[in-house]
Amino acid sequence: MIQKLLTEYQRSKQDNSDDSLFYAQPKYVHHLDAGFRLRLKKLYLANLSSNSIVLDLMSSWVSHLPESLVLKRVIGHGLNRSELESNKRLDSFWIQDLNRNQKLPLEDDSVDYCLIVAAWQYLQQPEEIAMELKRVIRPNGKLIVSFSNRAFWTKTPRIWADGSDSDHLNYISSVLISQGWTKPECVAEKTYGNDFLKLIGSNGDPFFSVIATN
Ligand SMILES: C[S@@+](CC[C@H](N)C(=O)[O-])C[C@H]1O[C@@H](n2cnc3c(N)ncnc32)[C@H](O)[C@@H]1O
């Protein structure tokens, strides 16, 4: 029996239309700035081993994986076919609305790492997803959930829309722990969008990551 943490209100969102409609048109944009993306690549280099199998859940036309990292296989998932077809790091992908169906079409212990970037905030049934990820990630494999302070706010459940950055870190950790994950590591850092911003002391997208080991 799955342990539910969220109330129905916390799962609700302003725009309840089909998520597939929202992502029907490809969005060939970066959802995070250059400083954030650079920090993410460094985090991946420190945490991912080469020749491993990676699942990029809730992906797009980019997976943010360092070019130097040689992997055995990268499996993608998302909602927009054109974006996923354009993603050069993916060896395969599938399309599935995780707010409608949380069962992942992957074998037990079949991936080494799962990456989720700028996307956990759209999950309305995160407990089921956390449980499924525990099933498909092999023992000692990792789940890395990264995000900033931006979102398509009409599409985020209230639990995210109403929370602060630190609430978001605690929320993801609590969901994972509720489904049997051990306490994850949390990263919260400033970034600098580019050299000019750094020079004038202005910040880029803040960087947050939750790293959980199975
Ligand atoms: C802001 S984009 C981030 C995409 C990508 N991870 C990146 O870093 O560019 C949010 C992504 O979440 C995924 N997503 C949003 N709602 C979803 C849903 N209901 N089911 C499955 N995926 C969803 C889509 O793949 C969408 O591209």
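A residue counts as buried here if 20 or more other C-beta atoms lie within 10 Å of its own C-beta atom. Keep that in mind for the views below, which all come from a predicted model.

**View 1. Strand 2 is mostly covered.** Take residues 73-78, which make up strand 2: five of the six are buried. On one side, strand 2 pairs with strand 1 (residues 53-57) in the parallel sense, over four bridges. Look for Ile-53, whose bridge partner in strand 2 is Arg-73. Strand 2 also pairs with strand 3, again parallel and over four bridges. Here Gly-76 is the residue to find, standing opposite Phe-93 in strand 3.

**View 2. The whole protein, for orientation.** Let's step back for a moment. The protein has eight helices and seven strands. Its radius of gyration is 16 Å, close to the 17 Å that the globule rule gives for 214 residues, so the protein is as compact as a globular protein of that length. Along the principal axes, the C-alpha atoms fill a box of roughly 50 × 40 × 35 Å. Buried residues make up 39% of the 214. Among contacts with a separation of 6 or more, 68% are between residues 24 or more positions apart.

**View 3. Seven strands form one open sheet.** Reading across the sheet, the strand order is 3-2-1-4-5-7-6, and the pairing is mixed. Why is one side of strand 3 (92-95) and of strand 6 (185-189) left without a neighbour in the sheet? These two strands stand at the edges and each has a single partner strand, so nothing in the sheet sits on the other side. On average, neighbouring strands are turned by 15 degrees against each other, direction ignored. As a general reminder, strands of a sheet pair through backbone hydrogen bonds, either parallel or antiparallel.

**View 4. Strand 7 and its two partners.** Five of the seven residues of strand 7 are buried, so this strand is largely enclosed by the rest of the structure. Strand 5 runs antiparallel to strand 7 (residues 207-213), and six bridges join the two. Two pairs to pick out are Lys-142 opposite Thr-213, and Leu-143 with its bridge partner Ala-212. Strand 6 pairs with strand 7 in the antiparallel sense too, over five bridges. In that pairing, Glu-185 stands opposite Ile-211.

**View 5. Helices packed on the sheet.** Helix 5 (residues 126-136) lies across strand 4 (111-117) and strand 5, and runs at about 140 degrees to strand 5. Helix 7 (residues 165-178) packs on the sheet as well, touching strand 5, strand 6 and strand 7. The direction of helix 7 makes about 15 degrees with that of strand 7.

**View 6. Zooming in on Gly-141.** You'll find Gly-141 in strand 5 (residues 137-147). Is Gly-141 buried or exposed? With 22 other C-beta atoms within 10 Å, Gly-141 is buried. Setting aside neighbours within four places in sequence, Gly-141 is in contact with Val-111, Asp-112, Tyr-113 and Asn-214. Thr-213 is 72 residues away along the chain, but the C-alpha atoms of Gly-141 and Thr-213 are separated by 5.8 Å.

**View 7. The shell around the ligand.** Now for the ligand, which 16 residues surround. Which of them are the closest? Those are Asp-19, Ser-60, Gly-78, Val-117 and Ala-119. Sorted by class, the shell has nine nonpolar, five polar and two charged residues.

Methods:
Residues numbered from 1 in each chain as written. Predicted model: local features only at pLDDT ≥ 70, side-chain atom pairs only at ≥ 80, totals over all residues. Rg over C-alpha atoms; globule rule 2.2 N^0.38 Å. Buried ≥ 20, exposed ≤ 12 C-beta atoms within 10 Å, placed from the backbone. Contact = placed C-beta atoms within 7 Å. Near = placed C-beta within 6 Å. Nonpolar A, V, L, I, M, F, W, Y, C, P; charged D, E, K, R; others polar. Pairing = 2+ DSSP bridges. Axes fitted to C-alpha atoms, helices over the stretch in contact; angles between N-to-C directions.
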